[in-house]
Amino acid sequence: MDFYEVIRTRRSVRSYKPDPIPKDVLRRVLEAARIAPSGSNRQPWRFIIVEDEDLKRRLAEACSNQYFIEEAPVVIVACGYNIRYNRGGYMGDMSMLVDVSIAFTHLILAARVEGLGTCWIGSFDNEEVKKILNIPKDVNVVAITPLGYPKREDAFAEPGPRKALEEITSTDRF
Ligand SMILES: Cc1cc2nc3c(=O)[nH]c(=O)nc-3n(C[C@H](O)[C@H](O)[C@H](O)COP(=O)(O)O)c2cc1C
């Protein structure tokens with residue numbers, strides 16, 4: 001699939017078939033995250049693949065009761081190590097958010113190529129998710145996504161409304 005078609009037809013999918021994801025497909029999607037770039041190549045991430053039904057249910061609850069999450073056969077929880085390393089930018093110790101988000105974007109786009117749906121979940125209770133999945137103190141949850149085959153035939157539609165290019169770009173000055 002052409003790269004531009006991948007990014008144009010990636011949609012947030014909020015209903016899933018229970019069909020399992022073949023192991024080799026899941027591996028390719030995770031591999032896309034693994035090879036992502038990161039500051040000083042530190043790779044401060046950890047991806048938890050959640051398949052257990054009870055854990056998925058508890059995760060959905062910890063994500064503001066977004067129950068469609070547990071419909072998917074797999075839920076991916078992207079975590080980042082709170083590395084104490086300030087590159088000099090204003091983000092300081094929070095720079096891992098950028099690194100993990102890049103890797104998570106790789107994963108989400110690779111899922112699209114495989115015909116798998118995702119939905120970036122940012123509404124979650126970090127402490128609750130950490131408790132459910134035994135995530136250590138020095139690690140935080142950055143993003144979560146259900147991963148599975150979409151229920152709806154039209155899941156990979158064209159994008160919804162977006163700002164015009166003229167509104168979000170400028171040349172030489174802000
Ligand atoms: C950082 C972030 C957090 C988001 N959190 C949620 C969420 O908690 N629940 C949800 O259903 N969608 C969530 N979304 C999905 C957005 O609503 C969605 O990407 C946006 O409306 C554009 O639609 P599209 O992804 O289908 O193009 C989130 C997306 C991002 C990037």
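Helices and strands here are DSSP runs, numbered from the N terminus, with at least four residues for a helix and at least two for a strand. With that settled, let's walk through this model, which is a predicted one.

Start with the overall layout. The protein has 6 helices and 4 strands, and from the N terminus on they come in the order α-α-β-α-β-α-β-α-β-α. The radius of gyration is 17 Å, close to the 16 Å that the globule rule gives for 174 residues, so the protein is as compact as a globular protein of that length. If you lay the C-alpha trace along its principal axes, it spans about 45 × 40 × 30 Å. Buried residues account for 29% of the 174. Take the contacts between residues at least 6 apart in sequence, and 79% of them turn out to join residues at least 24 apart.

Now for the sheet. The 4 strands make an open, antiparallel sheet, and reading across it gives the order S1-S2-S4-S3. At the edges sit S1 (45-50) and S3 (117-118), each of which pairs on one side only. Moving in from S1, you find 6 bridges tying it to S2, with the two strands running antiparallel. One spot to look at is Ile-49, whose bridge partner in S2 is Ile-76. On its other flank, S2 (residues 74-81) is joined by 8 bridges to S4 (residues 139-148), again antiparallel. Here Ala-78 stands opposite Ala-143 in S4. S2 is also mostly covered, with 6 of its 8 residues buried.

What lies across S1, S2 and S4? That's helix H3 (residues 53-62), and it runs at about 115° to S1.

From H3, follow the chain into the loop that leads to S2, and you'll meet Glu-70. Is this glutamate buried or exposed? Glu-70 counts as buried because 21 other C-beta atoms lie within 10 Å, and the cut-off for that label is 20 or more. Leaving aside residues up to four places away in sequence, Glu-70 touches Lys-56, Arg-57 and Ala-60. For a sense of distance, its C-alpha atom is separated by 20 Å from that of Ile-135, 65 residues apart along the chain.

Two other loops are worth a stop for their backbone angles. Gln-43, in the loop between helix H2 (23-34) and S1, has a phi near 50°, a positive value in a residue other than glycine. Gln-43 counts as partly exposed because it has 18 C-beta neighbours inside 10 Å. Further along, Asn-134 lies in the loop between helix H5 (126-132) and S4. Its phi is near 55°, again positive in a residue other than glycine. Asn-134 is exposed, since 7 other C-beta atoms lie within 10 Å, and 12 or fewer is what earns that label.

Finally, the ligand. Which residues are around it? The N-terminal part of the list holds Arg-11, Ser-12 and Arg-14, followed by Gln-66. Then comes the run Cys-119, Trp-120, Ile-121, Gly-122 and Ser-123, and the list ends with Pro-159 and Gly-160. Sorted by class, this shell has 4 nonpolar, 5 polar and 2 charged residues.

Conventions:
Residues numbered from 1 in each chain as written. Predicted model: local features only at pLDDT ≥ 70, side-chain atom pairs only at ≥ 80, totals over all residues. Pairing = 2+ DSSP bridges. Contact = placed C-beta atoms within 7 Å. Axes fitted to C-alpha atoms, helices over the stretch in contact; angles between N-to-C directions. Near = placed C-beta within 6 Å. Nonpolar A, V, L, I, M, F, W, Y, C, P; charged D, E, K, R; others polar. Rg over C-alpha atoms; globule rule 2.2 N^0.38 Å.
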